Structures are given as structure tokens and as C-alpha cells.
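Reader: I would like a close look at one part of this model. Pick a single element, walk me through it, and then put it in context.

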Amino acid sequence: MKLELNVNGAAHEVDASPVARLLDVLREQLQLTGTKEGCGEGECGACSVLIDGRAVNSCLVPAAQAQGCAIRTVEDLAQGDALTDLQTALIELGGTQCGICTPGIAITATAVLEEEPAPSRERIRELLAGNLCRCTGYQLIIDAVERVVRERNAK
Amino acid sequence: MSAHYLKPATLAEACEARAAHPDFVLLAGGTDYMVGSHHRPDPPGVIDLFGLEGLGGIEERDGAIRIGAGTTYAQLLRSDLVRERLPALFECAREVGAVQIQERGTLGGNMATSSPVGDTLPVLLALDAQVVLGSVRGEREVPYHGFCTGYRQIDLAPDELIVAVEFPRPPQGLVQFWRKVGTRRAQAISKVMVAASARLDDEGVIAHVRLAMGAVADRPVRLEQTEALLLGKAPSEALADQARDEVRREIVPINDVRSTKDYRLSAAANLAARFVRTLC
């Protein structure tokens, strides 16, 4: 069926099954390959995207349900060459190793800090518990998010 | 050929769609259905219920707290009413998956899938929830206790939808309890879940008690034998020990990929004892 999707501020029309995975539509039909497939069953968070500002696993979202929503992928975080403070912190503090989990981490942290701007370190761990990093670089990832929280709240 | 896709705008339209297409997949947040879906053929059609207004809402009315079946875990967690009056459900929602799953998974979806490891299901038993079912024939209300009739089987007619869950307003002093045992707090599918509630009377005697568990049988269960043991007694260390023994006699969990029968028995029995100690 014809699906109308609003992705990163642009309207797209794609032909897909209503139960096609949003992940596949983004990667294979819209060539937005920043979103990664990890487990494909909602465990690892690598495929996280924003739907109306909330982080979801795009491998579990039927494409038809994303119609009429604002979808944002990792490609839309930086504006041109200007990275977000969170992306900068992930790079500077080494919160990324092989990089597969990084788009999902960046997306999820963006969403959760929007709703909860001053989480404790423990709470950051809970909010990011759905994003697995098999390089096990968790401390540095949490450090990066914590730095962003500190910087934003100092302003 | 691509599946038919129906997106009803109202509950009445949803009931009509269901009556016309009992073979279509009812889709809520998709967190269960979508797993592995790209390896399966498409269903003949889909009735998409996610975000349907008639299945939403959390409100207190007529002495009950009514939660629409389409309510997501994230919505439960944003509700003051749930946090204050149904703390067992709140704590349970907090431990379902992680934020991404909580944004899409729904209470009604958990009931419809009716997996023996569905996290909210023991909570529904522990809090005497009623299920509201709707169809073109009208609404009916049944106790959640008995709604699950077997392994992933529920008492739902082919033309019916799960519309809402109603919890009787928890009486003053009702203690609510929720513990989940899994490999990891987030994401892990549970090995054992225990939901319970109890109220003591003026003499300090247990006047009301519910003890429910998941992942210890082919469906979520209430441990009525252990409840009977506890009813009318004053909570104590000794009573906690008796409850532990009674649980071991009452349930027969299985070995599977996530845990063993022995581990489940020990964890379930110890959690029941811990519940009794919280009443002391």
C-alpha cells in the first residue's frame, strides 16, 4: 500500500506493506542507513528513532503506524556540520567504539533528556537500559550524557 | 499482495471492523506481533488500534479506576493516579522492557497476547481487575481472574475487542507488592513475577489478600491455597515461613530456556515470604 511518511521534516511516499518494519522502510527505501539493525526484536535499541519526540524501536513499529507522525532519525540530529552537544560529548569522551549502538544511543538520550532534563547518573542508566553496547563502553556513554546534563543545567 | 489495512477512527468503527473481519490481526503497539514479522507472510489484514481515542484514558469514576486498553506503559508511568493508587502496576510498567518498549506496548496488548510471562497480568489478578470487552453486540465486563483460559488463550469472542481494564478503588491501607525476577532489570523476559495485595483489619489480622504469579504455570495464576493460609492470621516471621512452604506445594513451574523449575520454585516461594514480611 501507499504510505505517507514524514521523515526528518520531509514528506515521502513509499509503497510498502502496512506491517513492514519502519526500520526497513527507512534504510532500504529512503536510504537512511544511519539507523542500525541490531537484534531485530526490540532488545538492543540500535534501531531507535524518534516518533513525535519519543524514542521507539523502529524494528517493532509497523510502517503504517508511523503515518501522520513526525519521524526523526539520527541523520537529523546534526544540522549541517553542527553536531548537537550530545553528539560532541559522545565523541570527545569516547562514548563510541564500533559505532553500531551509537545512533540509537544518541536518539534515545536526545528524547529522554527532552522529557527529563536533570536525571541522576543512576536514572540515566535506567533511561538508557534499552540500548545495548556490545563493546561494553557503558561508562563512557553515561559520562557523555552526564556531561550534557551538567552543561545544559549550568546555563 | 499487501495486507489490507484498516485504521478505525472510533471504537464503534473498530467493533464493526472486527465483526466484519475476525481473521484480521488486531494490532496495538506491535511490540509482540512485530518480532520476527518480516520472516512471516503478511496477514490477510490488519485492524490498527494504536492511538485509538476510544481505547485510551486513565480515569477514576464510580469507585473504580478505568484504564483504556490502548494505554501504553509510558502513559501509565506519566499518570499520577496510577503512581498513587496502583503502585504495583506503576512499578510493573517501569520494569517492562525499557523506554522504547514502554512507548509502544499497551496494557490491552499484554492481555490479548496473554503470554504466561506477560508482566502486567499478575498485577491484574492481585488487584481484582475487571476486563471490559466490546463488540457490535454491546459491552460486557468479566473478572480478569478466569479471563485467561489456557496457554495464550483468553475468553474473547471472535468479534470482540478488549476495551478497558477497571480496578476497584484500592481501599485505605491496601498494601501492594510487585517483584520481577529476570536476568537483568531492563529488557529481560521474566523468570518469575509476583504481584500481591493485602489489607490488615484493626486487630492486625489479614482481612484481604491476593497472591498472583507469572511464569510459574501455563497462564498467570492466583495462589488461592496460599491466600487461604494467610487469610485471618496476623503476619509474622512464622507465617512468612508457612507461606513459603505452601507456595512450594501449590505451584508446578517448568524448566525452559529462561530458568529451571527449581529456581522458579525457590524464587517464587521466597518472594511470597518477603511479601508476608512487608505486612509485619
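Author: Take helix 3 of chain A, and what surrounds it. What covers its buried residues includes strand 3 (48-51), strand 4 (54-57), helix 2 (85-92), helix 4 (121-127) and helix 5 (138-154) of chain A. Chain B takes part too, through its helix 5 (99-104).

Bear in mind that this is a predicted model. It scores ipTM 0.96 and pTM 0.96.

Now the helix itself. Helix 3 of chain A runs over residues 102-115, 14 residues in total. From first C-alpha to last it reaches 20 Å, close to the 20 Å expected at 1.5 Å a residue. Helix 3 of chain A is mostly covered, with 11 of its 14 residues buried. Among the buried residues are T102(A), P103(A), G104(A) and I105(A). The list also includes A109(A), T110(A), A111(A) and V112(A).

Next, the partner chain. Chain B has a mean pLDDT of 96, and 100% of its residues reach 70 or more. Chain B is divided into domain 1 (1-169) and domain 2 (175-279). Their C-alpha centres lie 25 Å apart. In chain B, 22 residues of domain 1 are in contact with 24 residues of domain 2. On the domain 1 side, the elements giving two or more residues are helix 4 (87-94), helix 7 (121-126) and strand 8 (148-150) of chain B. Helix 7 of chain B gives the most, with 5 residues. By type, the residues on that side of domain 1 of chain B divide into 14 nonpolar, 4 polar and 4 charged.

Definitions and conventions. Residues are numbered from 1 along each chain as its sequence is written. Chains are lettered from A and ligands numbered from 1 in the order in which they are written. This is a predicted model: local features need pLDDT of at least 70, side-chain atom pairs count only at pLDDT 80 or more; totals for chains, interfaces and linings use all residues. pLDDT is the predictor's confidence in each residue, from 0 to 100. Domain bounds come from an automatic or database domain assignment. Two residues are in contact if their C-beta atoms, placed from the backbone, lie within 7 Å. Helices (H or I, at least four residues) and strands (E, at least two) are DSSP runs, numbered from the N terminus. Ala, Val, Leu, Ile, Met, Phe, Trp, Tyr, Cys and Pro count as nonpolar, Asp, Glu, Lys and Arg as charged, and the others, Gly among them, as polar. The expected span of a helix is 1.5 Å times one less than its number of residues. A residue is buried if 20 or more other C-beta atoms lie within 10 Å of its own, exposed if 12 or fewer, and partly exposed in between; C-beta atoms are placed from the backbone.
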